[in-house]
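Colleague: Pick one part of this model and take me through it closely. Then work outwards to whatever surrounds it.

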Amino acid sequence: MTDDREPTMTGYDQARWIDGDEPRYEPLLSEKDETTVEVGGDDGPLPDDLTRDDLTLPELSEPELARHYTRLSQMNYGIESGPYPLGSCTMKYNPKFTEDVAALPGAAVHPDRPDGTLQGTLELMAHLQDYLARIGGMDEVSLQPPAGAAGEFVGILVAKAYHEHNDEGHRSEVIVPDSAHGTNFATAALAGYDVIEVPSAEDGRVDLDALEAAASEDTAAFMLTNPNTLGLFERNIEAVAEIVHGVGGLLYYDGANLNALLGRARPGDMGFDVMHYNVHKTFATPHGGGGPGAGPVGVVEKLAPFLPAPRVRERDDGFERFDPEYTIGKVHGFEGNWLVLVKAFAYIARLGDDGLRDASAKAVLNANYLAERIGYEVPHGPFHHEFVASAGDQDAADVAKRMLDYGVHPPTTKWPDIVSEALMTEPTEIESRDSLDDLAAAFEAVREEDDETLAAAPDRTTARRIDQTEAARNPRLSWHDLAD
Ligand SMILES: *Cc1c(COP(=O)(O)O)cnc(C)c1O
């Protein structure tokens, strides 16, 4: 393959899988070999229409098989290919030892077994509840919700149950700042609340006057993330808490991303009453392409009786599961996605207090280093774990597509919309200085390119520009769909 195009910055090159201008086709295993094998024998009790006598099974050697899957993985881009600075969504490397821990014999136990035979499992969960409570400054934690958005939903349902229990069921509004993650609006609406959006102040932080004007005896909760999605610390958080608590509302912390706070500051100490944690963004469990995941919820003491059932606690004679007194019920089977939680536990236990503090220091240092270097205008700052640059007169989506040609994954784009053509960038603590320099070089190179080049990007990837709306609304998840 001859190639006179620009080299990639990181050495990661999907273009090796391009033949001429077209992506090379990687045959299915069944296309490589169509050996038919007899599978006859006793069909047992299965009905005839569910059984067959022969089957087309590829007969390939182990190297052929390994190469097939390796090629497929190299046509793709992941956190193990290169930097993945997806702001807010936070892609950090998942250390492999956590997989080993989750694969230990005894880790995958059936949750229907009696508590007395699950003591190790329950003890680990109780410890994880404690770890998360300590990290967030909360009193009690439920491990059950299966994702960040699900955790948010549970948190707001818990807030709602609390208000109703106190004869305050009339509270009908949840306030959300315009910089909030889209799930915050969706959560409040799904829980049956009217969503009141408040604009940010000039400096990108909560506008206290606007919050004060919006807060009333109808306020059930105010949802906030701190540092906010611009990567800015809400310096007025105590005043915010005073306003919200002053009208009898609860303060919700969107803790999807705790990477700036780990071991340094705690939402509970800032006045938050309820929060969720995304273990896949902060505690290095796999993102999982839609699941399984975990989004535990932490609360202050007065909200604990409303948490989902069951929870885990320690008694004199061991650990047991129990249903909180006024529980909102179940939001997932058993205690949630247990093996994901085991990985989060392993990660936290291995890093310990010092390791977590160190991670947050590096996450913040890396974000600020990169913000200085990328060549795009970066309003606001200084930053915490992430920053939002502006693509200026370039289209942020084009910038993103072009970055793929330089062998790096692009940042999150076009959000939050308080920065025009937003490039929301979060390198995380895992990147070395060399890797950050490569990333910066890719940004700088794209900054200099003309609109035509950008609009035609990407041209070095195995999949070219797709119709994103169509892909999201009508995903083709099987090769059968493509064959039509
Ligand atoms: C990712 C994210 C969420 C949602 O978490 P999921 O696990 O993707 O459902 C909520 N809030 C913020 C700020 C996030 O970054």
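**Helix H12 and its surroundings**

Modeller: Start with the cover over helix H12. Its buried residues are covered by elements that include strands S15 (412–413) and S16 (422–425), along with helices H13 (433–447), H14 (451–456) and H15 (468–473). Keep in mind that this is a predicted model. H12 itself runs from 396 to 405, and 8 of its 10 residues are buried. Those residues are Ala396, Asp398, Val399, Ala400, Lys401, Arg402, Met403 and Asp405. Note the charged ones: Asp398, Lys401, Arg402 and Asp405 are on the buried list. Here buried means under 20% relative accessible area.

Now the two ends. At the N-terminal end, Asp395 acts as a cap: one of its side-chain oxygens is 2.8 Å from the backbone nitrogen of Ala397. After the helix comes Gly407, with a positive phi near 80 degrees.

Next, the loops between the covering elements. Glu421 sits in the loop between S15 and S16, both of which help cover H12. Its phi is positive, near 45 degrees, and the residue is not a glycine. Most residues other than glycine have a negative phi, and most peptide bonds are trans. Glu421 is partly exposed, at 25% relative accessibility. Pro458 belongs to the loop between H14 and H15. The peptide bond from Ala457 into Pro458 is cis, with omega near 0 degrees.

Look upstream for a second cis bond. The bond from Gly381 to Pro382 is cis as well, with omega near -5 degrees. Pro382 is in the loop between H11 and strand S14 (387–390). On the other side of H11, Phe334 lies in the loop that follows strand S13 (318–322). Phe334 has a positive phi near 50 degrees, and is no glycine. With a relative accessible area of 33%, Phe334 is partly exposed.

H11 leads to the interior. The largest nonpolar core has 77 residues, and Phe222, Val240, Leu258 and Phe283 have the most contacts inside it. Helix H11 (residues 338–373) is the top contributor, giving 9 residues. Phe283 touches residues that include Leu132, Ile135, Leu258, Leu262, Tyr277, Ala344, Tyr347 and Ile348, leaving aside those up to four places away in sequence. Another core lies apart from that one; its 36 residues include Ile79, Ala371, Ala389 and Tyr406. In soluble globular proteins, nonpolar side chains tend to be buried together.

Finally, the ligand. Asn278 is among the residues touched by Phe283, and Asn278 also belongs to the ligand's surroundings. Others there include Ala147, Gly148, Glu152, His181, Thr183, Asp254, Ala256 and Lys281. By type, the shell holds 3 nonpolar, 6 polar and 3 charged residues. Three polar pairs involve oxygen atoms of the ligand. A side-chain N or O atom of Ser88 is 2.6 Å from one such oxygen. Ala149 uses a backbone N or O atom, at 2.8 Å. His280 places a polar side-chain atom 2.7 Å from a ligand oxygen. The ligand alone exposes 380 Å², and the protein buries 85% of that. Two elements each give two or more residues to the shell: helix H5 (148–165) and helix H10 (279–282). H5 gives the most, with 3 residues.

Key:
Residues numbered from 1 in each chain as written. Predicted model: local features only at pLDDT ≥ 70, side-chain atom pairs only at ≥ 80, totals over all residues. Heavy atoms only, no water. Near = heavy atom within 4 Å. Polar contact = N/O pair within 3.5 Å; in protein donor to acceptor, adjacent residues only side chain to side chain. Areas by Shrake-Rupley, 256 points an atom, 1.4 Å probe, with all protein chains shown as cover. Helix = DSSP H or I, 4+ residues; strand = E, 2+ residues; numbered from the N terminus. Core = buried A, V, L, I, M, F, W, Y, C linked by side-chain atoms within 4.5 Å. Buried < 20%, exposed > 50% of the residue type's maximum accessible area, 1.4 Å probe, protein only. Contact = heavy atoms within 4.5 Å.
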